[in-house]
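Please read this briefing alongside the sequence and the coordinates. It begins with the chain as a whole and then turns to one helix and to the ligand.

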Amino acid sequence: MFFFCSSYAIVKPKIAMQPLFDLFGVPPLAAVRPILRDRFGSQRDAERGDPVAVLIDAIISSKTRDAVSGAAFERLIERFPTWEDLMSAEVREIQAQIETVQYPETKAPVVIAALKAIHAYAERFTLDFLAPRPVEAAHLWLERIKGVGRKISAAALNFSTLRKRTLVIDTHVLRVAHRIGWVSPSARDAATAYGPLMALVPPSWDADDLYEFHCLVKKLSQTVCAYQDPDCDQCPLAAQCQRFGVEPNGPSTNASAVIELRPSPDELRSRVAKLDRSDQLTAWGVSPFGDPRVDSYLPGNGLPRGHWHEITGAGTENELPAAVTGFTASLAARTAGGGMILWALQRDDIHPPGLQVFGLNPDRLIFVRAAKDADILSVVESALRTRGVAAVVGEVATLSLTAGKRLQLACERGGATGLLLRRQLYASSAEDEGTTATTRWSIAPSPSETDEPGLGLPRWEVRLERCRGGRTGAWIMEAENATGDVRVVAELADHKMEAEPARGRLTGT
Ligand code: SF4
């Protein structure tokens, strides 16, 4: 019933599951194309070549840089001015002309075999007979030639005057498709990736759309999404990519020539300044605490939704975070409204009915258990990108700055709020790299007060240690029984109310 990878286990599958199907959602090709157009410009104006020439060019260009294979093709047609000449040439003669490309000894016989097959069928050197055929039939005709696979046949059909509605999946497109998540890593070549990728192509796209999409993705690969060191910080698809910031050499294709663009220090400064703009903090609205003694410290007078927030425990609360869990639950209830909440943890030590004290109805909760921090972060990130999930809680010991950036991008994409609860039980020597969270809270238990016999309402000593676009502060707060609201009992006198660097106050929700 549960859809995460097999290393995760569901603890309490209480909620209707349909929103979780979106955990596997991938950015639609139609949404990606305008983003790439903005970066690389329109790619629709290319001249289309003769289908036979495009086929021969595609055969010799496989796994070779365009400039190298282009020069080899020019040498070939200069040495053999007609297709007849080329078809009748010796393998070693062709090999000598294309020796600069990858695998010339393999490609030379394929060139001859392709020309012979065309001439035997059409009695001249033309592929025009493929024009009226359905695209898959045209593919199959070409792929009967030994050495011609789906990438080469797609190039001959789409890049030429045949203009067939088919996508050329070369190493560039395959690499980006793996990293973004359009196709599974098990689809290791054009033949296996073709079906899944074509299934994502909008029905309205024609041959020119597919041509442009190929060119745009290839440019992304050549300039940003390199094989060994993708420059994810400069990538226009970072918010859509499943592998943003992850070590690059996971599912990948073969190495290919790349041009890497490194951001200059000035560019980096401008990007950081853009990320830090306070007027972006309330784009998804805020969830007020309902007490100006707290809300006035927060940007937009409330906890910004569509951002991630960090909650840590003070003292022993780092290990057995009962108070932290309660406070986090109250934040989750407040930010999620009536929406669904996913809670990812490593130890099944939460008693769900107890969360009702903090306004969290267990029927709105899905618990996911995973083995380690990396798995928790993966679940949290996927859930944050999922339509229908309003808030996501993740319990982790460590969190790198890169992981924090990934979480923020996921929040911005889906509008859900992330709450990262730091527990040191799993990694007592965890190093803290700092945080990119919008707010960071430190929570300690505080003695309850009650006039009645028995336990009073939960109380916390709450310290707002970081608040982007707002101020830091400290209070004693108390949970309002089963409403999710918290009440400020007292402002703490000893906190340092340091203003964040001047960014102005924000208004509106
Ligand atoms: S975010 Fe990184 S891995 Fe993903 S497409 Fe962009 S450059 Fe490639």
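How much area does the chain expose, and what share of it do carbon and sulfur atoms supply? The chain exposes about 22500 Å², of which carbon and sulfur atoms supply 51%, with areas computed by the Shrake-Rupley method using a 1.4 Å probe. This is a predicted model, in which local features need pLDDT of at least 70 and side-chain atom pairs count only at pLDDT 80 or more, while totals for chains, interfaces and linings use all residues. Residues are numbered from 1 along each chain as its sequence is written, and side-chain values use heavy atoms, with hydrogens and water left out.

**Whole chain**
- Of the 509 residues in the chain, 52% are buried, meaning under 20% relative accessible area with a 1.4 Å probe, protein chains only.
- The chain has 16 helices and 12 strands, which are DSSP runs numbered from the N terminus (helices H or I, at least four residues; strands E, at least two).

**Helix α2**
- Helix α2, spanning residues 51-61, is mostly covered, since 10 of its 11 residues are buried, including V52, L55 and I59.
- The buried residues of α2 pack against α3, α4, α6, α7 and α8.
- At the N-terminal end of α2, D50 acts as a cap, with a side-chain oxygen 3.1 Å from the backbone nitrogen of V52, whereas K63, just after α2, takes a positive phi of about 60°.

**Ligand shell**
- Nine residues surround the ligand, and the closest are R179, C225, C232, C235 and C241, where a residue counts if one of its heavy atoms lies within 4 Å.

Note on methods. Buried means under 20% relative accessible area, exposed over 50%, partly exposed in between (1.4 Å probe, protein chains only). Contact means heavy atoms within 4.5 Å. A polar contact is a pair of N or O atoms within 3.5 Å; within protein, one must be able to donate a hydrogen and the other to accept it, and residues adjacent in sequence count only if both atoms are side-chain atoms.
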